Amino acid sequence: MSRPAALSAALAAAAAALMVALLLLQPEDAGPGAGSSMAEKEALPRLREDFRMQNKSVFILGASGETGRVLLKEILEQGLFSKVTLIGRRKLTFDEEAYKNVNQEVVDFEKLDDYASAFQGHDVGFCCLGTTRKKAGVEGFVHVDRDYVLKSAELAKAGGCKHFNLLSSKGADKSSNFLYLQVKGEVEARVEELKFDRYSIFRPGVLLCDRQESRPGEWLVRKFFGSLPESWAAGHSVPVMTVVRAMLNNAVRPSDKKKELLDNEAIHDLGKADGSLKP
């Protein structure tokens, strides 16, 4: 790509990212399961221990991404599951001893039905799959963020998964005029139709992290939120670690709700809950 073309693409990505940031500044209603009481927070150490005693198995989709990578590390450090499986298009390499018992299922997302066995026998599933328009193009983005996610959820449901956790986005709305938010909202709704015993949706704002891959647009958005007053920034952005801990804290607490929707505020609240994390 020529230098002018590369600059133009970078500017377009930055403009799109800023548009997302402005949309994320819109207020959002919290859904069911959005809050956590003080009593629940204080009970987290006991809830984690009770959860460990159940010897549950878990799978992670998207473990090569920033959120999935941190999620895997935190799951292993907390020792919440007796079996951890990664489902992805390639095998990941880990040097640390802590990862030696992690199972990996390599699949072709274009032929997922041929890999149905990879989704069998898991109690809990976390889906952190996602790409960008810049990386995959419009059709590729929709294919990954909607089609891959939905098909994976279908196979997980058929394979016996009871609790499905979906990483979505603040502002997700299937009727949105903005493609990113429209796709996120559509897949939320279609996964809900599968009727998991428990379905948890996480809608974080801008994810604050140091990505391994270069995304100039997201860098600009992080700088944008970094310039805002802390109270504003916290309302519309969130560190990846906080999201991950909210996901796990939510997973260990019992719930009789079929669907839980945690917005950015609820993620901050639950992700910063106190209590000993390690077994």
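These legends walk through several close-up views of one predicted model.

**View 1. The parallel sheet, strand by strand.** Here we look at an open sheet of seven strands, which pair in the parallel sense and follow the order 3-2-1-4-5-6-9. Its edges are formed by strand 3 (103-106) and strand 9 (259-262), each of which pairs on one side only. On average, neighbouring strands of this sheet are turned by 15 degrees against each other, direction ignored. As a general reminder, strands of a sheet pair through backbone hydrogen bonds, in either a parallel or an antiparallel way.

**View 2. Where strand 6 meets strand 9.** Moving in on one pair, we find strand 6 (residues 198-202) joined to strand 9 by four bridges in the parallel sense. Within this pairing, tyrosine 199 of the model stands opposite lysine 259 in strand 9. Keep lysine 259 in mind: its side chain also takes part in a salt bridge with glutamate 192, the subject of View 5.

**View 3. The cavity and its lining.** Rolling a probe the size of a water molecule over the atoms shows where empty space is left. In this structure there is one cavity of 30 Å³ or more, and the largest cavity holds about 40 Å³ of space. Around the largest cavity sit Cys127, Leu129, Asp145, Val149, Leu166, Leu167, Lys184 and Val187. By type, the lining divides into six nonpolar residues, no polar ones and two charged ones. Which elements each supply at least two residues of the lining? They are helix 5 (133-158), strand 5 (163-167) and helix 6 (179-192).

**View 4. Two salt bridges, each within a helix.** Side chains of opposite charge can pair when their charged atoms come close. The model has 15 salt bridges in total, and this view picks out two of them. One joins glutamate 49 to arginine 52, with the closest N and O atoms 3.1 Å apart. Both of these residues belong to helix 3 (residues 44-52), where they lie three residues apart, about one turn of the helix. Is each partner buried or exposed? Glutamate 49 is partly exposed, with a relative accessible area of 36%, whereas arginine 52 counts as buried at 13% relative accessibility. The other bridge pairs lysine 151 with glutamate 154, whose closest N and O atoms are 3.7 Å apart. Lysine 151 and glutamate 154 are three residues apart in helix 5, so about one helical turn separates them. Lysine 151 is partly exposed at 24% relative accessibility, and glutamate 154 is partly exposed too, with a relative accessible area of 32%.

**View 5. A salt bridge from helix to strand, and a network.** The side chains of glutamate 192 and lysine 259 meet in a salt bridge, at 3.3 Å from N to O. Because glutamate 192 lies in helix 6 and lysine 259 in strand 9, this pair ties together parts that are 67 residues apart in sequence. Glutamate 192 is partly exposed, with a relative accessible area of 36%; lysine 259 is partly exposed as well, at 27%. Also worth a look is a set of salt bridges that share partners, joining Arg146, Asp147, Glu186 and Arg190 into one network.

Key
Residues are numbered from 1 along each chain as its sequence is written. This is a predicted model: local features need pLDDT of at least 70, side-chain atom pairs count only at pLDDT 80 or more; totals for chains, interfaces and linings use all residues. Side-chain values use heavy atoms; hydrogens and water are left out. On a 1 Å grid over the protein atoms alone, a cavity is a set of points where a 1.4 Å probe fits but cannot get out, and a pocket is an open set with protein on both sides within 12 Å along at least five of seven lines; lining residues have an atom within 4 Å of a point. Grid points are joined across faces, edges and corners, and a volume is the space filled by probe spheres set on the points. Ala, Val, Leu, Ile, Met, Phe, Trp, Tyr, Cys and Pro count as nonpolar, Asp, Glu, Lys and Arg as charged, and the others, Gly among them, as polar. Two strands pair if DSSP finds at least two bridges between them. Axes are lines fitted to C-alpha atoms, for helices over the stretch in contact, and angles run from 0 to 180 degrees between N-to-C directions. A salt bridge is a side-chain nitrogen of Lys or Arg within 4 Å of a carboxyl oxygen of Asp or Glu. Buried means under 20% relative accessible area, exposed over 50%, partly exposed in between (1.4 Å probe, protein chains only).
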